[in-house]
Amino acid sequence: MKHKYTGKCLCGEVSYVACGQPIIVAQCHCEECRRSSGTGHAVGAMFVSGAVTLSGKTNEFRYMSSKDSEVTKASCASCGSPVFGTNTRTPDHLTIALGTMDDANGLEIEVVIFARDKPHWDQLGQDVISFAAQPDWKPED
Ligand SMILES: [Zn+2]
Ligand SMILES: [Zn+2]
């Protein structure tokens, strides 16, 4: 039996089931991934499109990549979470935003791309304080 990866957006309106193993899991620091995620990178798991069943309404935004292919980023029409992307360079594939996956156990980042665009703040220094959950902290007034 094939492994199934399930996932959903923040509000739960968009969900998916992906069958089998991803072709690759990549972390991308390109400008488009940074801006659309609002963070220093996006992490995506690429699957053959036919292996993924999606449900729910998405908004799609298209742009041309530096390699002149058309990239589509699909996000939940209701909460805005990025859910998946496609690229005309790899037509029969889609890349799921790994943060939407319910259980990504067993998956590891295999490659980093656009490392040259990685912002300096997207890595932790040795002295950064870490809390297991939200600390009881507010800005002082
Ligand atoms: Zn949503
Ligand atoms: Zn990117």
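**Strand 1, its sheet and the core**

Visitor: In strand 1, which residues point to one face and are buried?
Guide: This is a predicted model: local features need pLDDT of at least 70, side-chain atom pairs count only at pLDDT 80 or more, and totals for chains, interfaces and linings use all residues. Residues are numbered from 1 along each chain as its sequence is written, with chains lettered from A and ligands numbered from 1 in the order in which they are written. Side chains alternate along strand 1 (strands are DSSP runs of E, at least two residues, numbered from the N terminus). Lys4, Thr6 and Lys8 point to one face and are not buried (buried: 20 or more other C-beta atoms, placed from the backbone, within 10 Å of its own), while the buried ones on the other face are Tyr5 and Gly7.

Visitor: What is the order of the open sheet of three strands?
Guide: Strands pair if DSSP finds at least two bridges between them. Five bridges join strand 1 to strand 2, antiparallel. Four join strand 2 to strand 5, also antiparallel. The edge strands are strand 1 (4-8) and strand 5 (52-55), and the order is 1-2-5.

Visitor: Which residue in strand 2 is the bridge partner of Gly7?
Guide: Strand 1 and strand 2 form a hairpin with six residues between them. In strand 2, the partner of Gly7 is Tyr16.

Visitor: Which strand gives the most to the largest nonpolar core?
Guide: That core (buried Ala, Val, Leu, Ile, Met, Phe, Trp, Tyr and Cys residues joined through C-beta atoms within 7 Å) has 20 residues. Strand 2 (15-19) and strand 4 (42-48) are among the elements giving two or more. With four residues, the top contributor is strand 4.

Notes:
A residue is buried if 20 or more other C-beta atoms lie within 10 Å of its own, exposed if 12 or fewer, and partly exposed in between; C-beta atoms are placed from the backbone.
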